[in-house]
Amino acid sequence: MAIKILIRRSVSSEKAQILAPLMKKLRALALEQPGYISGETLRSIDQPGTYVVLSTWKDLLCWNAWLKTPERVEIQAQIDALTGNATQYEVFSNS
């Protein structure tokens, strides 16, 4: 069963220009991963430094494999250092 992942990140407006290319790198890498179906990145209008990524994966196993990918872990560490917070992930399925 396909799952949806909600990823939330917040950064100051000064650091948003650094965050955007890192998120694009993650998307490019995700496109190559087994089980990746789609994704979209949204930026809050009310809170311009807040980004939400909604991605769809074939199943939880594919998502968890992606989480452990060394390239993703490296970029994610850069993002968390930039934001000063751990990225938040939520996993959803269709009811």
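Colleague: How many bridges join E2 to E3, and do they run parallel or antiparallel?
Modeller: Seven bridges join E2 to E3, and the two strands run antiparallel. Keep in mind that this is a predicted model.

Colleague: Okay. How many residues sit between E2 and E3 in their hairpin?
Modeller: There are six residues between them. For one pairing to look at, find Arg43: its bridge partner in E3 is Tyr51.

Colleague: What order do the four strands of the sheet come in?
Modeller: The order is E2-E3-E1-E4, in an open sheet with antiparallel pairing. Strand E2 (36-43) and strand E4 (88-93) are at the edges, each with a single partner strand, so one side of each has no neighbour in the sheet. From one strand to the next, the twist averages 15 degrees.

Colleague: And what holds strands together in a sheet, generally?
Modeller: Strands of a sheet pair through backbone hydrogen bonds, either parallel or antiparallel.

Colleague: Back to E4, then. How many bridges join E1 to E4?
Modeller: Six bridges join E4 to strand E1, which covers residues 3-10, and this pair runs antiparallel. If you want a spot to check, Ile3 stands opposite Ser93 in E4.

Colleague: Switching to helices: which strands does H1 lie across?
Modeller: H1, residues 16-31, lies across E1, E2 and strand E3 (50-57). Relative to E2, the helix runs at about 170 degrees.

Colleague: What about empty space? How many cavities of 30 Å³ or more does the structure hold?
Modeller: It holds one cavity of 30 Å³ or more. The space in the largest cavity comes to about 190 Å³.

Colleague: Which residues lie nearest the centre of the largest cavity?
Modeller: Those are Ile7, Leu26, Arg27, Val53 and Trp66, out of 17 residues in its lining. The lining splits into eleven nonpolar, three polar and three charged residues.

Colleague: Which element gives the largest share of that lining?
Modeller: H1 does, with four residues. At least two lining residues come from each of E1, H1, E2, E3, helix H2 (60-67) and helix H3 (70-83).

Colleague: Last topic, aromatics. How many aromatic pairs are there?
Modeller: The count comes to four. Take Tyr36 and Trp57: their ring centres are 5.1 Å apart and their planes are at 80 degrees, so the pair counts as edge-to-face, since that label needs over 60.

Colleague: Where in the chain do Tyr36 and Trp57 sit?
Modeller: Tyr36 is in strand E2 and Trp57 is in strand E3, 21 residues apart, and the pair links distant parts of the chain.

Conventions:
Residues numbered from 1 in each chain as written. Predicted model: local features only at pLDDT ≥ 70, side-chain atom pairs only at ≥ 80, totals over all residues. Heavy atoms only, no water. Pairing = 2+ DSSP bridges. Axes fitted to C-alpha atoms, helices over the stretch in contact; angles between N-to-C directions. Contact = heavy atoms within 4.5 Å. 1 Å grid on protein atoms, 1.4 Å probe; cavity = no way out; pocket = protein on both sides within 12 Å on 5 of 7 lines; lining within 4 Å. Points joined across faces, edges and corners; volume = space filled by probe spheres on them. Nonpolar A, V, L, I, M, F, W, Y, C, P; charged D, E, K, R; others polar. Phe/Tyr/Trp six-rings, centres within 6.5 Å; stacked < 30°, edge-to-face > 60°.
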